[in-house]
Amino acid sequence: MVDFSILERRILVAGKKIPADVVIKQGKILNVFTGEFMEGDIAIVDGMIAGIGSYAGNEVIDAKDKIIVPGFIDGHVHIESSMLLPREFAKVVLQHGVTTVITDPHEIANVAGTEGIQYMLDDSKDLPLDIFVMLPSCVPATPFETNGARLDAEQLLPFMTHPQVLGLAEVMDFPSVASANKSMVDKLAATQSYGGVIDGHAAGIGREDLNIYMSAGIRTDHESVNSKEAKDRLDLGMYLMIREGTVAKDLEELMPVITVQNSRRCLFVTDDKLLDDLIEEGSVDHIVRLAIQKGLNPILAIQMVTLNTAECFGLRNLGAVAPGYQADFLLLDDLESVAIHQVYKKGKCIVDKGQINHAEFPKVQNPSASLPKLHSKKVTLKDIEIPLCSRTCNIIEIIPNSLRTHHRRESVKVQDGVFCPSTENDLLKLAVIERHKATGNVGLGIVKGFQLQKGAIASTVAHDSHNIVVVGASDQEMLVAVEHVIKTNGGLVVVDGKEVLAALDLPVAGLMSEDTSEAVYQALKTLNSALTSIGSPKTFNPFLMLSFLTLTVIPELKLTDKGLFAFNSFSHIDVSVKE
């Protein structure tokens, strides 16, 4: 409920009966409703815009020669993928003009359940960044892997009334929706009863089956990889999320589908983006720049990260520079290059010429002691042997900068009846080790495309169940990498021989660091240098690539702690191909 005194002040400022707290003068304002530019003073009171016209204020800011646009909104992001806590993530994205994010804490929920969701909500309190949450819909993501928790409608219901919660996050279990599985229907119905939005995850879903998603109340999708898929989603009434992250880069393929007529149903999102890319490239501001460079009208591009996103999620006071809207806006030096001069949140300057105002951030620490620790059985060399009944094997072939993989069949080296990795043929061993319940599960496979010449890399960031995933040129090096991440309660590691070349510890649920963004960024640079020394190419990020090799809801072949998984049959298969 709006406090009447605050509403009264806003009305009095709008009517010029009392002065505004802040007035922004002489800027050129982008009107995202009409696609035009307008002039006038922006009067701000209590963090809201009261009027645009001719106003007096207690503080006056000169925006001469600047273009004023709404603060950017990232409509689909997993904060955990930055490996930062929300309070540190906020400092990074604010510098890129992002004043609001809609996040799905799916990753930490798969590790820690409701405690993980609450942890993210608590850590995002009182930040100068609006962090809205979509509740994880699929925990566990599938029954084909072991994760740390289970969330049914009963566990999600207490969060539905939380002011930061907007609805249900990416529904990736299409078979459960299509079969009207009771657990899934309960989540969908509960969300709709609270007026929430429901996000989709329609990877590999054809046009006819999209009818099922739409009938279930699912209204968005970020998994289109070609123009036909994108057009199908727009035709049937979905919001099209165009993703450009660290691995999934869909903008170039989907740009041709955007028209003046349908652009208001399109959003730009990052989904998964690592910290070094966030710092060096940016967030959705980077996508806006790329789209403009590729020929998209700058006004349409900015609408896609402001008003369109706000309307999609029912954020009625965000996404525009207009009376009655929250005073979240950017001062740009130039529209075409989206050169950010200053970032304002609720009328306060949070970023000035790339420098963050740390005074606006709370000092409260959010203890992670209540979150689960790694709980894995000791792994031996015998555990990661792959016995083969034939030389012809099912191979996971990575597609650089894509979530998808190819399912190949190739002849491999065999020694004493077990698979022998070959750097010459670029065929390495892949293992997924269960780390939540000490089941002792170890899934094994063969992967092509990493191009490592030696060594091993391991990570506890492995979508969606976040077990330990490791790839290597030798069993001994893989074991060293696994032992290190277990000892540090999670993280990323690069190993050469018996030596740990570089590591980034992620003690918060095995997903996030408690360190500053600057410290994590430096650790990632050290990791990247170590990766180069073992032969990793610079054309894709091997850690992010590794993290998606366990994602069973994306085609074609993946690996879980229970074994090799084929998307087309939605079942586990053997590594060996029987001859």
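These legends describe close-up views of a predicted model.

**View 1. Strands β30, β31 and β32 follow one another through two hairpins.**
Strand β30 covers residues 557-560, and strand β31 covers residues 563-566. Their pairing is antiparallel, with four bridges. Two residues make the hairpin connection from β30 to β31. Across this pair, Thr 560 faces Gly 563 of β31. Strand β31 also pairs with β32, residues 571-573. That pairing is antiparallel too, over three bridges. Here Phe 565 stands opposite His 572 of β32. The hairpin between β31 and β32 has four residues in between. Phe 570 sits in that turn with a positive phi of about 50°.

**View 2. Four strands form an open sheet of mixed pairing.**
The strand order is β5-β4-β1-β6. Strands β5 (48-53) and β6 (57-62) are at the edges. Each has a single partner strand, so one side of each lacks a neighbour in the sheet. From one strand to the next, the twist averages 25°. Inside the sheet, β1 (residues 20-25) and β4 (residues 41-45) run antiparallel. Three bridges join them. Ile 24 is opposite Ile 42 of β4.

**View 3. Glu 223 is a buried acidic side chain in a loop.**
The loop in question runs between β13 (220-221) and α8 (227-235). Is Glu 223 buried or exposed? Its relative accessible area is 4%; the cut-off for buried is under 20%, so Glu 223 counts as buried. The side chain of Glu 223 makes a polar contact with the side chain of Arg 243, at 3.0 Å. Which residues does Glu 223 contact beyond its neighbours within four places in sequence? They are His 201, Ala 202, Ala 203, Glu 229, Arg 243, Leu 403, Arg 404 and Ile 554.

**View 4. The largest nonpolar core holds 173 residues.**
Which of its members touch the most others? Tyr 213, Phe 268 and Phe 450 do. Helix α3, residues 106-123, supplies the largest share of this core, with eight residues. A second core is separate and has 16 residues. Among them are Ile 102, Val 269, Ala 310 and Phe 313.

**View 5. Helix α2 is largely enclosed by the rest of the structure.**
The helix spans residues 86-94. Why is α2 described as largely enclosed? Nine of its nine residues are buried, so the rest of the structure largely encloses the helix. The buried residues include Arg 87, Glu 88 and Lys 91. Pro 86, Phe 89, Ala 90, Val 92, Val 93 and Leu 94 are buried as well.

**View 6. Two cis peptide bonds lie in loops.**
Most peptide bonds are trans. Val 139 and Pro 140 are joined by a cis bond, with omega about 5°. Pro 140 belongs to the loop between β10 (130-135) and α4 (153-156). His 463 and Asp 464 are also joined by a cis bond, with omega about 0°. Asp 464 is in the loop between β26 (456-459) and β27 (468-472).

**View 7. Gln 451 and Asn 489 have positive phi values.**
Most residues other than glycine have a negative phi. Phi of Gln 451 is near 65°. Gln 451 lies in the loop between β25 (442-448) and β26. Its relative accessible area is 37%, and Gln 451 is partly exposed. Phi of Asn 489 is near 60°. The loop holding Asn 489 runs between α14 (475-487) and β28 (491-496). Asn 489 counts as buried, at 12% relative accessibility.

**View 8. Cys 138 and Cys 420 are in no disulfide.**
How many disulfides does the structure hold? The number is zero. For Cys 138, the nearest cysteine sulfur belongs to Cys 312, 18 Å away. Cys 138 is buried, with a relative accessible area of 3%. For Cys 420, the nearest cysteine sulfur is that of Cys 393, 12 Å away. Cys 420 is partly exposed, with a relative accessible area of 24%.

Technical notes:
Residues are numbered from 1 along each chain as its sequence is written. This is a predicted model: local features need pLDDT of at least 70, side-chain atom pairs count only at pLDDT 80 or more; totals for chains, interfaces and linings use all residues. Side-chain values use heavy atoms; hydrogens and water are left out. Two strands pair if DSSP finds at least two bridges between them. Buried means under 20% relative accessible area, exposed over 50%, partly exposed in between (1.4 Å probe, protein chains only). A polar contact is a pair of N or O atoms within 3.5 Å; within protein, one must be able to donate a hydrogen and the other to accept it, and residues adjacent in sequence count only if both atoms are side-chain atoms. Contact means heavy atoms within 4.5 Å. A nonpolar core is a set of buried Ala, Val, Leu, Ile, Met, Phe, Trp, Tyr and Cys residues joined through side-chain atoms within 4.5 Å. Axes are lines fitted to C-alpha atoms, for helices over the stretch in contact, and angles run from 0 to 180 degrees between N-to-C directions. A disulfide is a pair of cysteine sulfur atoms within 2.5 Å.
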